Amino acid sequence: MLANQHESQQEIQWKAARKERGQLEKRDIELQTIIKKLYEDNALGRISNEQYASLSRDFVEEQAQMKERFKLLEEQLGQSESKRENSLRFLDAVRQYTNVKELTKLNGTDRQSCCVRCRAGERQA
């Protein structure tokens with residue numbers, strides 16, 4: 001029960017991080033468009049050089065902050081995905097060994113060959 005709560009909480013955080021990443025990507029595209037339009041307005045004399053410098057500096061700073069946040073989100077999502085994959089592999093292993101359908105008695109020779117196969121990394125079918 002506790003594991004399920006933890007898993008659902010991680011899922012919520014993972015979805016929120018993915019949503020934020022999407023929003024950052026969208027805003028980055030918007031900022032690129034704004035900066036291009038500012039440049040055009042400055043080149044055509046619609047805004048002064050001072051206005052252009054001030055506005056573009058603000059947008060470039062915002063873009064830099066967003067890129068840092070984006071990197072952080074990417075790292076968090078990568079770690080979360082790695083933890084998720086490890087958890088799934090662990091649960092598969094637990095299920096494999098807890099859902100035993102049949103027990104068979106091994107004689108001494110079978111036991112020795114089984115141990116040799118286990119040491120060699122083979123699994124019994």
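**Group meeting: a three-helix chain**

Okay, let's start with a pair on helix 2: Glu68 and Lys71 both sit in that helix, three residues apart, so about one turn of the helix. Their side chains meet in a salt bridge, 3.9 Å from N to O. Before I go on, keep in mind that this is a predicted model.

Helix 2 has another pair with that spacing. Asp92 and Arg95 are both in helix 2, again three residues apart, about one turn. They form a salt bridge too, with the closest N and O atoms 3.3 Å apart. Asp92 counts as partly exposed at 48% relative accessibility, and Arg95 is partly exposed as well, at 44%.

Now, salt bridges that share partners join Arg27, Glu30 and Glu62 into one network. Within that, the side chains of Arg27 and Glu62 meet at 2.9 Å, N to O. This pair links distant parts of the chain, with Arg27 in helix 1 and Glu62 in helix 2, 35 residues apart. Both ends are partly exposed: Arg27 at 25% relative accessibility and Glu62 at 26%. The structure holds seven salt bridges, and I'm just showing you some of them.

Let me step back to the overall layout. The protein chain has three helices and zero strands, so along the sequence you read α-α-α. Helix 2 covers residues 49-98, which is 50 residues, and it reaches 72 Å from first C-alpha to last, close to the 74 Å expected at 1.5 Å a residue. Which residues of helix 2 are buried? Those are Ser56, Phe59, Gln63, Met66, Leu73 and Leu77. Across the chain, buried residues make up 13% of the 125 residues. The chain exposes about 10,700 Å², and carbon and sulfur atoms supply 53% of that. As for contacts with a separation of 6 or more, 73% of them come from residues 24 or more positions apart.

Last stop, the end of helix 1 and the start of helix 2. The aromatic pair count comes to one: Tyr39 and Tyr52, edge-to-face, 6.3 Å centre to centre with 65° between the planes. Tyr39 is in helix 1 (residues 2-43) and Tyr52 in helix 2, so the pair ties together parts that are 13 residues apart in sequence. Tyr39 is exposed, at 52% relative accessible area, while Tyr52 is partly exposed at 21%.

Tyr52 also comes up with Asn42, a helix 1 residue. Leaving out residues up to four places away in sequence, Asn42 touches Ile47, Ser48, Asn49 and Tyr52. Is Asn42 buried or exposed? Asn42 is buried, at 17% relative accessibility.

Terms used: Residues numbered from 1 in each chain as written. Predicted model: local features only at pLDDT ≥ 70, side-chain atom pairs only at ≥ 80, totals over all residues. Heavy atoms only, no water. Helix = DSSP H or I, 4+ residues; strand = E, 2+ residues; numbered from the N terminus. Expected span 1.5 Å × (residues − 1). Buried < 20%, exposed > 50% of the residue type's maximum accessible area, 1.4 Å probe, protein only. Contact = heavy atoms within 4.5 Å. Areas by Shrake-Rupley, 256 points an atom, 1.4 Å probe, with all protein chains shown as cover. Phe/Tyr/Trp six-rings, centres within 6.5 Å; stacked < 30°, edge-to-face > 60°. Salt bridge = Lys/Arg side-chain N within 4 Å of Asp/Glu carboxyl O.
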